[in-house]
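Thanks for coming, everyone. I'll put the sequence and the structure up, and then we'll walk through them together.

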Amino acid sequence: MIVIDATATRQALPFGPLVDALRAQFADDRCVVPPRHVHEISSAAGDAALTSLIMPAWQPGAGRASYYGVKVVNIAPGNAARGLPGLHASYLLHDAATGVPLALIDGDEITTRRTVAASALAASFLARRDARHLLVVGAGRVAALLPQAYGAVRGIERVSVWARDHRQAERMAAGWRAQGLEAVAITDLAAAAAQADIVSCATLATTPLIQGRWLAPGSHLDLIGSFTPAMCEADDACFAGAMLYVDTDEALRKSGDLLGPLARGVFTAADVRGTLADLARGRCAGRPGAAERTVFKSVGTALEDLAAAVLAYEEVVANPG
């Protein structure tokens, strides 16, 4: 078994190949993704000190290698007082035929990179081909990678970023400028949203940040946060009259962005145009023209983790230096 640390994982997962790997995995109907396990681990005092998520997935072989992977995500809110990150993740990849462990891979890098790659994959079907202006809402680890990921599928020329803490947005924009991007931190979110071709939100917001009345015709809205019922990033108007897609059907059961409008009758489950698997397999159409407004809501799936882990493992094995 090999160990692939954070740096090696990052280097093994450039966004062009990673988006292609996700596209191929969603197009293949043989990947098995059981429900995730959630375990509450109590401290000596009896309170819930740690939440552990166990996320398995496997890809049966058919004339090629077969893989079985498990991601473990440990969430410890008390870590802030210890000066430690609150979340740690690891990924263990196995040979699905023999059960032999193949690699232990940095789970944080896999999660972050596959998350933004999934948004880029959706944009390859849903964003206008001439989309050039990206607005990033948020200034965390996921948000930092969005221009690079979107650049793998669209010719992004200009990036704006908004965050509650404008100093964080300024630092993010400066980092992108150092990479050669035209990037600016903004304070007027409404004006930036009205000008953007793609609006991508990666926050932990519990009240809407984006209002549908701001969004331009033909724009694409990407909602990455809101992976629990208590979270949301977009108001009801964002969905009214838009073409809505999700990463998996689970999004309709987990995301406050969708549960709220569903309960209020803004749209029904039948109004969802399709999932990433539907798009990748050609079972539903993406954007039909330049005028439509599209929305993509993701909550993540172990299928994406497996695709990223396999890509990282095969890249490291093929290029061990």
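Let me get one term out of the way: two strands pair if DSSP finds at least two bridges between them. Helices (H or I, at least four residues) and strands (E, at least two) are DSSP runs, numbered from the N terminus. And a caveat: this is a predicted model, where local features need pLDDT of at least 70, side-chain atom pairs count only at pLDDT 80 or more, and totals for chains, interfaces and linings use all residues. Residues are numbered from 1 along each chain as its sequence is written, and side-chain values use heavy atoms, with hydrogens and water left out.

Okay, the sheet. What is the order of the strands in the open sheet? Reading across, it goes E9-E8-E7-E10-E11-E14-E12-E13, so to speak a row of 8 strands, and the pairing is parallel. Strand E9 (182–185) and E13 are at the edges with a single partner strand each, so each has one side without a neighbour in the sheet.

Let's zoom in on E14, residues 294–297. On one flank, strand E12 (residues 243–246) runs parallel to E14, joined by 4 bridges, and Met243 is opposite Thr294 there. Strand E11 (residues 220–223) also pairs with E14 in the parallel sense, again over 4 bridges, with Lys297 as the bridge partner of Leu223. In a regular strand the side chains alternate between the two faces of the sheet. In E14, Thr294 and Phe296 point one way, Val295 and Lys297 point the other way, and all are buried. By buried I mean under 20% relative accessible area; exposed is over 50%, and partly exposed is in between (1.4 Å probe, protein chains only).

Now E10, residues 198–201. Both of its faces are covered: Ile198 and Ser200 on one side, Val199 and Cys201 on the other, all buried. E10 pairs in the parallel sense with strand E7 (residues 133–137) over 4 bridges, and Leu134 is opposite Ile198. E10 is also joined to E11 by 4 bridges, running parallel. In E11, Ile198 has His220 as its bridge partner, while Cys201 is opposite Leu223.

On to aromatics. How many aromatic pairs does the structure hold? There are 3; the rule is that rings of Phe, Tyr and Trp (its six-membered ring) pair if their centres lie within 6.5 Å, with planes under 30 degrees apart called stacked, over 60 edge-to-face and the rest tilted. Tyr67 and Tyr313 have ring centres 6.2 Å apart and planes at 75°, so that pair is edge-to-face. Tyr67 is in strand E4 (residues 67–75) and Tyr313 in helix H11 (residues 302–318), so the contact ties together parts 246 residues apart in sequence. Both tyrosines, Tyr67 and Tyr313, are buried. Then there's Phe239 with Phe267, a tilted pair at 5.5 Å centre to centre and 45° between the planes. Phe239 is in the loop between E11 and E12, and Phe267 in the loop between helix H9 (256–263) and strand E13 (274–275), so this one ties together parts 28 residues apart in sequence. Phe239 has 4% relative accessibility, so we call it buried, and Phe267, at 6%, is buried as well.

Last topic, salt bridges, meaning a side-chain nitrogen of Lys or Arg within 4 Å of a carboxyl oxygen of Asp or Glu. The structure holds 13 of them. One of them joins Arg141 and Glu109 at 3.9 Å, N to O. Arg141 is in helix H5 (residues 141–150) and Glu109 in helix H4 (residues 107–126), so parts 32 residues apart in sequence are tied together.

Arg128 is worth a look too. Its side chain meets Asp130 in a salt bridge at 2.8 Å, N to O, and Asp130 is partly exposed, with a relative accessible area of 47%. Arg128 also meets Asp197 at 2.8 Å, N to O. That second pair links distant parts of the chain, 69 residues apart: Arg128 is in the loop between H4 and E7, and Asp197 in the loop between helix H7 (189–195) and E10. Arg128 and Asp197 are both buried. And finally, Lys71, Arg114, Glu304 and Asp305 are joined into one network by salt bridges that share partners.
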